[in-house]
Amino acid sequence: MSIFDEKYRVVGVESDRLLVRGVHSGEVLTIINPEAATPLSQEEYPVGKLIALSDPSNSLSN
């Protein structure tokens, strides 16, 4: 199972990072915010929110 096949619950949020735990695997990931000018917020990512990750290599190029 890849990290992109898993669903995650938000367990913590800071302006520069998001901590999530895999629903099935229990694996904890720290996602670093690459856009420091746009901080992450608890309003956008409340603790307990269910999210999925997308694979940036599968995005369409212009």
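**A guided tour of a four-stranded protein**

Begin by selecting strand β1, residues 7-14, together with β4: three bridges join these two strands, which run antiparallel. One such bridge can be found by selecting Tyr8, whose partner in β4 is Ile51. The model on display is predicted. Its mean pLDDT is 90, and 94% of the residues reach 70 or more.

**The whole chain**

Now display the entire protein. Its elements comprise four strands and zero helices, and from the N terminus on they follow the pattern β-β-β-β. Colouring by pLDDT brings out the elements at either end of the confidence range: β2 has the highest mean value among them, 97, and β3 the lowest, 95. Along its principal axes, the C-alpha trace spans about 35 × 30 × 15 Å.

**The sheet**

Next, select all four strands. They form an open sheet, with antiparallel pairing, in the order β3-β2-β1-β4. Which strands lie at the edges? Select 28-32 and 50-52: these are β3 and β4, and each of them pairs on one side only. Neighbouring strands of the sheet are turned against each other by 45 degrees on average, with direction ignored.

**The nonpolar core**

Keep the strands in view and show the side chains of Tyr8, Val10, Val13, Leu18, Val20, Leu29, Leu40, Ile51 and Leu53. These nine residues make up the largest nonpolar core. Both β1 and β2 (17-22) supply at least two residues of this core. The largest share, three residues, comes from β1. In soluble globular proteins, nonpolar side chains tend to be buried together.

**The surroundings of Tyr8**

Return to Tyr8, which is a member of that core, and select the residues around it. Which residues does Tyr8 contact once its neighbours within four places in sequence are left aside? They are Ile3, Val20, Arg21, Gly22, Val23, Glu27, Leu29, Lys49, Leu50, Ile51 and Leu53. Among these contacts, Ile51 is also the bridge partner of Tyr8 in β4, while Val20, Leu29, Ile51 and Leu53 belong to the largest nonpolar core as well.

**Surface and contacts overall**

Finally, show the surface of the whole protein. About 4,600 Å² is exposed, and carbon and sulfur atoms supply 52% of that area. Of the 62 residues, 21% count as buried. How much of the contact network links residues 24 or more positions apart? Such pairs account for 42% of the contacts with a separation of 6 or more.

Methods: Residues numbered from 1 in each chain as written. Predicted model: local features only at pLDDT ≥ 70, side-chain atom pairs only at ≥ 80, totals over all residues. Heavy atoms only, no water. Pairing = 2+ DSSP bridges. Axes fitted to C-alpha atoms, helices over the stretch in contact; angles between N-to-C directions. Core = buried A, V, L, I, M, F, W, Y, C linked by side-chain atoms within 4.5 Å. Buried < 20%, exposed > 50% of the residue type's maximum accessible area, 1.4 Å probe, protein only. Contact = heavy atoms within 4.5 Å. pLDDT = per-residue confidence, 0-100. Areas by Shrake-Rupley, 256 points an atom, 1.4 Å probe, with all protein chains shown as cover.
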